[in-house]
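Please keep the sequence and the model side by side while reading. The paragraphs that follow go from the core to the helix pairs and then to single residues.

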Amino acid sequence: MSTQSFKDLIVWQKARDLSVAVYRTFGDSRDYGFRDQIQRASVSIMNNIAEGYARRSDKAFRHFLLIAKGSVAEVESMLVLANELVYIDKTAQTELVSKTEEIGRLLSAFIKKL
């Protein structure tokens, strides 16, 4: 790999930005179970990218990228629920879903490359 650190990966940076946005959006939510789950799922994306990168094996990296992709779907699913439960409005949902879709596309391209 030509990067020095997982922090150099655009997909990790975007996953970090999504995690920050999720924490800020749901930080005051009184639905602690929902808040905890969506926050953990968003952090799981960036952490699985980092962990896979650290394994220094394309096979292992691919495995962790697939797990990250599953977490992307989980966050996106929870964003639909958040809108239905009126925890967020449609604009916030659209903005956050757009981030998840971009991360999902980047992960898919990365997985294909490996």
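**The core and the helices around it**

In this predicted model, the largest nonpolar core has 31 residues, and the members that touch the most other members are Phe26, Ile45 and Ile49. Two or more residues of this core come from each of the elements α1 (10–26), α2 (32–54), α3 (58–84) and α4 (90–113). As a general background to such an arrangement, nonpolar side chains tend to be buried together in soluble globular proteins.

Isoleucine 49 is a useful place from which to look around the core. Leaving out residues up to four places away in sequence, isoleucine 49 touches Leu9, Val11, Trp12 and Ala15, and it also touches Phe61, Leu65, Ala68 and Leu107.

How do the helices that supply these residues lie against one another? For the pair α1 and α2, the axes come within 9 Å and cross at roughly 165°. Because angles over 145 degrees count as roughly antiparallel, α1 is roughly antiparallel to α2. The crossing of this pair, α1 with α2, is left-handed. On the α1 side, the residues that meet α2 are Val11, Trp12, Ala15, Arg16, Leu18, Ser19, Val22, Tyr23 and Phe26, and on the α2 side they are Phe34, Arg35, Ile38, Gln39, Ser42, Val43, Ile45, Met46, Ile49 and Ala50. By kind, the residues of the contact of α1 with α2 are 14 nonpolar, 3 polar and 2 charged.

The pair α2 and α3 can be read in the same manner. The axes of α2 and α3 are 8 Å apart, and the two helices pack at an angle of about 160°, so that α2 and α3 are also to be described as roughly antiparallel to each other. The crossing of α2 and α3 is left-handed, and the residues of their contact comprise 18 nonpolar, 6 polar and 2 charged.

Single residues now give a closer view of these helices, beginning with a polar side chain. Is asparagine 48, a residue of helix α2, buried or exposed? With a relative accessible area of 10%, asparagine 48 is buried, because the cut-off for that term is under 20%. When neighbours within four places in sequence are set aside, the contacts of asparagine 48 are Phe64, Ile67 and Ala68. Ala68 is thus in contact with asparagine 48, and Ala68 is also touched by isoleucine 49.

In helix α3, leucine 79 has a relative accessibility of 0% and therefore counts as buried. Apart from neighbours within four places in sequence, leucine 79 is in contact with Phe26, Ile38, Ile88, Gln93, Leu96, Val97 and Thr100. One of these partners, threonine 100, is 21 residues from leucine 79 in sequence, and the C-alpha atoms of the two are 9.9 Å apart in space.

Another partner of leucine 79 is isoleucine 88, which has its place in the loop between α3 and α4. Although isoleucine 88 belongs to a loop, this residue counts as buried, at 7% relative accessibility. Isoleucine 88 touches Thr25, Phe26, Leu79, Ala82, Asn83 and Gln93, when residues up to four places away in sequence are not counted. Phenylalanine 26 is 62 residues from isoleucine 88 along the chain, yet their C-alpha atoms are separated by 8.6 Å.

The loop between α3 and α4 also holds valine 86. What is the accessibility of this valine 86? Its relative accessible area is 67%, and valine 86 is therefore exposed. The backbone of valine 86 has a phi near 60°, a positive value in a residue other than glycine.

A positive phi is found as well at arginine 56, where the angle is about 60° although the residue is not a glycine. Arginine 56 lies in the loop between α2 and α3, and at 52% relative accessibility it counts as exposed, since the cut-off for that term is over 50%.

Serine 77, in helix α3, completes the walk with an intermediate case. At 48% relative accessibility, serine 77 counts as partly exposed. Serine 77 and arginine 55 are 22 residues apart in sequence, and from C-alpha to C-alpha they are 29 Å apart in space.

Terms used: Residues are numbered from 1 along each chain as its sequence is written. This is a predicted model: local features need pLDDT of at least 70, side-chain atom pairs count only at pLDDT 80 or more; totals for chains, interfaces and linings use all residues. Side-chain values use heavy atoms; hydrogens and water are left out. A nonpolar core is a set of buried Ala, Val, Leu, Ile, Met, Phe, Trp, Tyr and Cys residues joined through side-chain atoms within 4.5 Å. Buried means under 20% relative accessible area, exposed over 50%, partly exposed in between (1.4 Å probe, protein chains only). Helices (H or I, at least four residues) and strands (E, at least two) are DSSP runs, numbered from the N terminus. Contact means heavy atoms within 4.5 Å. Axes are lines fitted to C-alpha atoms, for helices over the stretch in contact, and angles run from 0 to 180 degrees between N-to-C directions. Angles under 35 degrees count as roughly parallel, over 145 as roughly antiparallel, 65 to 115 as roughly perpendicular and the rest as oblique. A crossing is left-handed if the near helix is turned anticlockwise from the far one by less than a right angle, and right-handed if clockwise. Ala, Val, Leu, Ile, Met, Phe, Trp, Tyr, Cys and Pro count as nonpolar, Asp, Glu, Lys and Arg as charged, and the others, Gly among them, as polar.
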